[in-house]
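Let's take a walk through this one, sheet first and ligands afterwards. Keep the viewer open as you read.

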Amino acid sequence: MTDSGVLDQLGRPLRDLRISVTDRCNFRCRYCMPRERFNEDHTFLPRRAYLSFDEIEKVVLACKPLGLEKVRITGGEPLLRPDLHELVRRLSSTGVEVALTTNASLLPRQAARLAEAGLDRVTVSLDALDSKIHSQMTDSSIPVETVLEGIDAALRSGLAPVKVNCVVQRGVNETEVAPLVRRFRGTGITVRFIEYMDVGRTNGWQLGHVVPSADLLGYLQGEFDLTPVESDRPSDVARRWAHSDGSGEIGFISSVTEPFCGDCVRARLSADGRLHTCLFASGGHDLRAIVENGAEGQQLTEAIAAIWRRRADRYSELRSEETSALPRIEMSYIGG
Ligand code: SAM
Ligand code: SF4
Ligand code: SF4
């Protein structure tokens, strides 16, 4: 271990842990959980397999001496997990920054108690403002207005900063990009456009479905006067651009065309307690078994450090036809 914690094979520290609290969702976004695959025949994790809030807290506490600074609660849809604010309260009291990624459909009801429990920031996934495109993409009857109400509830509850993430797919929602920028300009909300990724094996991803961020930026520069902004941290995955009149920022996450594995300081914990060192990992390390065997504190820290030290993942930098054919875990399981 070094002063900055533990380093992997490529010299990267562990700073960020994404915690999936469920693999279930009330949306069926076609790029993530296509309904024909995630239906009544799909075997979701049994709820008894979920890590308890107590166990999740133990893992977070064990990661802290390794340099962990931030956790992000995700899923599936994390707000489906009952009493999620209780997890937020526990994690917040460990002293790490606590963020949440959600589809916001349940935020109107839950924002106030999440804020009160100490949630530091929220990212809302919203791919379209147009109700027809939104319902086609999410394959759900929950209207886009509910998502917008969720964003308002977050702001009213003092949950700032709020970010909006939009996955852009060619021929599906490119037309929504400029309206999203217009809608959130001047609100303090940053919209970030994410390149559609080849996560999992069910969404039929093809390179041709990806809209490169450079193309989007060029297109948006036709309407908006945008200037580049320096990132605060090298591990910031988004390239930031500001409206020159000071009315806010937008961002681009270009995992396909400009991979950022060299600065990837992120681990992922699945709802059933497997630790994954890469979004594209084909397997995880069973931390639940270690926690259930009574390990906590130093012993758990050492087990996680040993996993991290062996890490050499850089899938996005190596992406090729050969790597695309490898087995991969679904985003709804590993947590986006
Ligand atoms: N249900 C929550 C939500 O949608 O915000 C949290 C989990 S979701 C898996 C996390 C993020 O992953 C979302 O912003 C979603 O858009 C993104 N995502 C899912 N599949 C993706 C893909 N194939 N490429 C890029 N982003 C993806
Ligand atoms: Fe659910 Fe989020 Fe996946 Fe959409 S992206 S299906 S909201 S987990
Ligand atoms: Fe990190 Fe893996 Fe994504 Fe590279 S491909 S940025 S190592 S999660």
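Two strands count as paired if DSSP finds at least two bridges between them, and the elements themselves are DSSP runs numbered from the N terminus, with helices being H or I over at least four residues and strands E over at least two. This is a predicted model, where local features need pLDDT of at least 70, side-chain atom pairs count only at pLDDT 80 or more, and totals for chains, interfaces and linings use all residues. Residues are numbered from 1 along each chain as its sequence is written, chains are lettered from A and ligands numbered from 1 in the order in which they are written, and side-chain values use heavy atoms, leaving out hydrogens and water.

Now for the sheet. It's an open one of 12 strands, and if you trace across it you meet β7-β8-β9-β6-β5-β4-β3-β2-β1-β10-β11-β12, with mixed pairing. The edges belong to β7 (226-229) and β12 (285-286); each has a single partner strand, so one side of each is left without a neighbour in the sheet. For a parallel pair, look at β4 (residues 121-125) and β5 (residues 162-168), joined over 4 bridges. There, Val 124 sits opposite Val 164 of β5.

Next, the helices. Contact here means heavy atoms within 4.5 Å, while axes are lines fitted to C-alpha atoms (for helices, over the stretch in contact) and angles run from 0 to 180 degrees between N-to-C directions. Helix α2 (residues 84-92) lies across β1 (16-20), β2 (70-74) and β3 (97-102), at about 170° to β2. Helix α7 (residues 213-221) lies across β5, β6 (190-195), β7, β8 (239-243) and β9 (249-253), and runs at about 155° to β9.

On to the ligands, where a residue is near a molecule if one of its heavy atoms lies within 4 Å of it. Ligand 1 has 18 residues around it, the closest being Tyr 31, Gly 76, Thr 102, Ser 125 and Met 197. Which polar contacts (pairs of N or O atoms within 3.5 Å) does it make? A polar side-chain atom of Ser 125 is 2.5 Å from a ligand 1 oxygen. Nitrogen atoms of ligand 1 come into play too, with one 3.0 Å from a polar backbone atom of Gly 76, and a polar side-chain atom of Glu 77 lying 3.2 Å from a nitrogen.

Gly 76 turns up again around ligand 2, together with Cys 25, Phe 27, Cys 29, Cys 32, Met 33 and Asn 103. Ligand 3 has neighbours including Cys 261, Cys 264, Cys 278, Arg 268 and Arg 311.

Note on methods:
A polar contact is a pair of N or O atoms within 3.5 Å; within protein, one must be able to donate a hydrogen and the other to accept it, and residues adjacent in sequence count only if both atoms are side-chain atoms.
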